[in-house]
Amino acid sequence: DFDELGDDQEHAEEESSMPAPAAERPKAQPFLSRERAISLQCELREGFRDASFQDSLSRLREKCTARELSHTKFLAERQALLLTVQSQVLPKYGFEASLEGVYHMMGDMKPYIRDQQFTDLAEEINRLLGIDYSPPDTWSTLSDSCRTLDAPPPAQPVRPESFNQRAQKKSNALRLLHLKGRHEYAGDHGDSD
C-alpha cells in the first residue's frame, strides 16, 4: 500500500534532518514522503511560472513554429531549459542536478500519482510547460521506467559455439586475409583482378 510506504518514510525523515544522497537510498522504497513530494512539485511549479522562464519557453515554441528549430531540436532545447529550474530544486530533495536526477525524482513519485493534490500540481506544471500528451493514467508506467533506468540489464545466457560456427568463423577470417593479401599484392604491383 503506497500510503503505508509514505507514512514509514515520514517517520524515517523525522529521525534525520537531511535526506540521504541518491546513491545511498534503496531503489525499492520511495525516497520522498507525500509532503516532500508536494513541496518539490510546488517549487518546480514556481520556477516554471517565473516570467523569464516562460519567456524563454515561448521563444523556443516560436522558433519551432517558424521552423527555425526541428521538433527534435525543440524537445532537446526545452529539456535543457527545464533543467535550469530542476537543477536548482532537485538537490534540496537529495536528487542530482541532472537529467538522471530528474528520472530518479520521477521514479520516486510513483506512490503519489493517485493523490489528488499531487495530480493537480503535476497537471498544472504540464500546462505551464505546454505538455498536453502526458495523461495521468500513463504516469505509473513512466515512473516504473524511470526507477529501472540504472538497474543492470538482465544477464543473457551465453551459448557455446558449435563446431560448425567456429569453423565458419575461421573460414571467413581466412577469406578476409586472402582477399586482403590479393588487394595488397595488386596495389604493390599495379595488377588488378
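The exercises below work through helix packing and single residues in a predicted model.

**Exercise 1. The chain as a whole**

Task: State which secondary structure elements the protein chain has, and what share of its residues is buried.

Solution:
- Step 1. Count the elements: the protein chain has 8 helices and 0 strands.
- Step 2. Write their order from the N terminus, which is α-α-α-α-α-α-α-α.
- Step 3. Turn to burial: of the 193 residues in the protein chain, 32% are buried.
- Step 4. Look at contacts between residues at least 6 apart in sequence: 66% of them join residues at least 24 apart.

**Exercise 2. Helix α2 on its own**

Task: Compare the span expected for α2 with the distance between its end C-alpha atoms, then list its buried residues and the helices they pack against.

Solution:
- Step 1. Helix α2 covers residues 34-49.
- Step 2. With 16 residues at 1.5 Å a residue, α2 should span 22 Å, and its end C-alpha atoms do lie 22 Å apart, so the two values agree.
- Step 3. The buried residues in α2 are Ala37, Ile38, Leu40, Gln41, Leu44, Arg45, Gly47 and Phe48.
- Step 4. For the spacing of such positions, recall that an α-helix has 3.6 residues a turn, so residues three or four places apart point the same way.
- Step 5. The partners of the buried α2 residues are α3 (51-65), α4 (71-89), α5 (99-108) and α6.

**Exercise 3. α2 against α6**

Task: Describe how α2 and α6 are oriented and which residues make their contact.

Solution:
- Step 1. Two values are needed, as packed helices are described by the angle between their axes and the distance between the axes.
- Step 2. For α2 and α6 (residues 116-129) the angle is about 20 degrees and the axes are 10 Å apart.
- Step 3. Angles under 35 degrees count as roughly parallel, so α2 is roughly parallel to α6.
- Step 4. The crossing of α2 past α6 is left-handed.
- Step 5. On the α2 side the contact uses Arg34, Ala37, Ile38, Gln41, Cys42, Leu44, Arg45, Phe48 and Arg49; on the α6 side it uses Gln117, Phe118, Leu121, Ala122, Glu124, Ile125, Leu128 and Leu129.
- Step 6. Sorted by class, the residues of this contact are 11 nonpolar, 2 polar and 4 charged.

**Exercise 4. α2 against α4**

Task: Repeat the analysis for α2 and α4.

Solution:
- Step 1. The two helices pack at about 140 degrees, and their axes are 9 Å apart.
- Step 2. Roughly antiparallel requires an angle over 145 degrees, and roughly perpendicular one of 65 to 115; α2 and α4 are therefore oblique to each other.
- Step 3. α2 passes α4 in a right-handed crossing.
- Step 4. Leu40, Glu43, Leu44, Gly47 and Phe48 of α2 meet Leu82, Val85, Gln86 and Val89 of α4.
- Step 5. The classes in this contact are 6 nonpolar, 2 polar and 1 charged.

**Exercise 5. Two single residues**

Task: Decide whether arginine 67 and valine 102 are buried or exposed, and place each in the structure.

Solution:
- Step 1. Arginine 67 lies in the loop between α3 and α4.
- Step 2. The relative accessible area of arginine 67 is 77%; exposed means over 50%, so arginine 67 is exposed.
- Step 3. Arginine 67 is not a glycine, yet its phi is positive, at about 65 degrees.
- Step 4. Valine 102 sits in helix α5.
- Step 5. The relative accessible area of valine 102 is 4%; buried means under 20%, so valine 102 is buried.
- Step 6. Leaving out residues up to four places away in sequence, valine 102 touches Leu83, Gln86 and Leu90.
- Step 7. Valine 102 and serine 87, 15 residues apart in sequence, are 8.6 Å apart from C-alpha to C-alpha.

Note on methods:
Residues are numbered from 1 along each chain as its sequence is written. This is a predicted model: local features need pLDDT of at least 70, side-chain atom pairs count only at pLDDT 80 or more; totals for chains, interfaces and linings use all residues. Side-chain values use heavy atoms; hydrogens and water are left out. Axes are lines fitted to C-alpha atoms, for helices over the stretch in contact, and angles run from 0 to 180 degrees between N-to-C directions. Helices (H or I, at least four residues) and strands (E, at least two) are DSSP runs, numbered from the N terminus. A crossing is left-handed if the near helix is turned anticlockwise from the far one by less than a right angle, and right-handed if clockwise. Contact means heavy atoms within 4.5 Å. Ala, Val, Leu, Ile, Met, Phe, Trp, Tyr, Cys and Pro count as nonpolar, Asp, Glu, Lys and Arg as charged, and the others, Gly among them, as polar. The expected span of a helix is 1.5 Å times one less than its number of residues. Buried means under 20% relative accessible area, exposed over 50%, partly exposed in between (1.4 Å probe, protein chains only).
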